[in-house]
Amino acid sequence: MRMKYEEPIEIAENTYWVGHYDEEAGFHCNPYLIDDGEEAVLIDPGGITHYPHVLKKVIRAVDLDRIHHIILHHQDPDLCASTPRYEELINHEVTVYNPLRASFFIPYYGIKSRVVPIRRDGEALVLKSGRRLEFYLTPFVHFAGSMVTYDTRSKVLFSSDIFGAFSFDWSLYARDDYLEAVKAFLEPYVGSKKALENVARKLEQLDIEVIAPQHGSIITDNIPEFIQALREMDAGVYLE
Ligand SMILES: [Fe+2]
Ligand SMILES: [Fe+2]
């Protein structure tokens, strides 16, 4: 059954995929929104090209003025560039969470919000409801300043580019051959196996039910196998 990709899609408790599905494209970005009552959190809102589509879905899911927090997992344009547009539309201060080593770069998008630089594993955004979003640094996978977010309530891991994929035949949920697609995407972008092993070690400690990456498809099955695959991937070679 085809999903209604023109609507926000609930992927976990009050957690929505608000991305744009372009049937012609081989690469999709996945922005997410957590609606936690008084506060909403926008995660990797995306670039400029998809912005009008994403905005429409965000507005359908929540009143923009309930967005108080924006998480940017690193500094790439495909997740950060539309942030100043949201700042213009939201009638109050928002707080941006970004790894320390990326936080020197994001002001160049014109982002004006207060930025909380994440320096350590386990630092968290605690919402008024008590819901705790924990950050884990994933250095050099793929940028020096990269992180992921773990929602301790829903057990969703927002994994950024980790577990992303190129996908000409895209679906929101991963199919059986998705692990191969993940390897093909990640290996050319990561410089060292040590960096991948470090990430695998951290993710193995978490009780993850859903992996929601910033590209490709959402993973709900065989999660330990996907994490183990990080240890087996090649890295550090430039694949021409
Ligand atoms: Fe990236
Ligand atoms: Fe990305």
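Of the contacts in the chain between residues at least 6 apart in sequence, 65% join residues at least 24 apart. The model is predicted, and its chain holds seven helices and 12 strands. A compact globule of 240 residues would have a radius of gyration near 18 Å, and the 16 Å of this chain agrees with that expectation. Along the principal axes, the C-alpha trace spans about 45 × 45 × 35 Å. Buried residues account for 44% of the 240 residues.

## The seven-stranded sheet

Seven strands form an open sheet with mixed pairing, in the order β1-β2-β3-β4-β5-β6-β7. Its edges are β1 and β7 (114-118), each of which pairs on one side only. On average, neighbouring strands of this sheet are turned by 25° against each other, direction ignored.

Strand β4 (39-43) illustrates both senses of pairing. With strand β3 (residues 32-36), β4 pairs in the antiparallel sense over five bridges. Within this pair, Ile34 has Val41 in β4 as its bridge partner, and Asp36 is matched with Glu39 in β4. The two strands form a hairpin with two residues between them, and Gly37 in the turn has a positive phi of about 75°.

With strand β5 (residues 67-71), β4 pairs in the parallel sense over four bridges. One of the matched positions is Ala40, whose bridge partner in β5 is Ile67. The connection from β4 to β5 passes through α1, and this β-α-β crossover is right-handed. Four of the five residues of β4 are buried, so the strand is largely enclosed by the rest of the structure.

## The five-stranded sheet

A further open sheet consists of five strands in the order β8-β9-β10-β11-β12, again with mixed pairing. Strands β8 (124-126) and β12 (210-213) stand at its edges with a single partner strand each, so one side of each has no neighbour in the sheet. The twist from one strand to the next averages 20°.

Within this sheet, strand β9 (residues 132-137) and strand β10 (residues 147-151) pair in the antiparallel sense over five bridges. Tyr136 stands opposite Val148 in β10. The loop between β9 and β10 contains His142, which is joined to Val141 by a cis peptide bond with omega of about 0°.

## Helix α7 and the loop before it

Helix α7 (223-232) follows a loop that starts from β12, and Ile218 is found in that loop. Ile218 is buried, because 22 other C-beta atoms lie within 10 Å, where 20 or more count as buried. Leaving aside neighbours within four places in sequence, Ile218 is in contact with Ile11, Leu172, Tyr173, Ala174, Val210, Ile211 and Ala212. Of these, Ile11 falls within β1 (9-12), while Val210, Ile211 and Ala212 fall within β12 (210-213). Ile218 and Arg175 are 43 residues apart in sequence, with a C-alpha to C-alpha separation of 9.3 Å.

In α7 itself, the buried residues are Phe226, Ile227 and Leu230. They cover an arc of only 100° around the axis, which places them on the same side of α7. These buried residues pack against α5 (178-186), α6 (193-203) and β12. The face turned away from the buried side carries the exposed residues Pro224, Glu225 and Glu232.

## Positive phi outside glycine

Two loop residues have a positive phi although neither is a glycine: Asn14 and Asp44. The table sets out their backbone angles, places and surroundings.

| Residue | Phi | Loop | Other C-beta atoms within 10 Å | Burial |
|---|---|---|---|---|
| Asn14 | about 50° | between β1 (9-12) and β2 (15-17) | 18 atoms | partly exposed |
| Asp44 | about 45° | between β4 (39-43) and α1 (51-61) | 28 atoms | buried |

Asn14 lies in the loop between β1 and β2, and its 18 other C-beta atoms within 10 Å leave it partly exposed. Asp44 lies in the loop that leads from β4 to α1; with 28 such atoms within 10 Å, Asp44 is buried.

How values were computed:
Residues are numbered from 1 along each chain as its sequence is written. Chains are lettered from A and ligands numbered from 1 in the order in which they are written. This is a predicted model: local features need pLDDT of at least 70, side-chain atom pairs count only at pLDDT 80 or more; totals for chains, interfaces and linings use all residues. Two strands pair if DSSP finds at least two bridges between them. Axes are lines fitted to C-alpha atoms, for helices over the stretch in contact, and angles run from 0 to 180 degrees between N-to-C directions. The radius of gyration is taken over C-alpha atoms; the globule rule is 2.2 Å times the number of residues to the power 0.38. A residue is buried if 20 or more other C-beta atoms lie within 10 Å of its own, exposed if 12 or fewer, and partly exposed in between; C-beta atoms are placed from the backbone. Two residues are in contact if their C-beta atoms, placed from the backbone, lie within 7 Å. The arc is that of the directions from the helix axis to the C-beta atoms. A crossover is right-handed if, with the strands pointing away from the viewer, the path from the first strand over the helix to the second runs clockwise.
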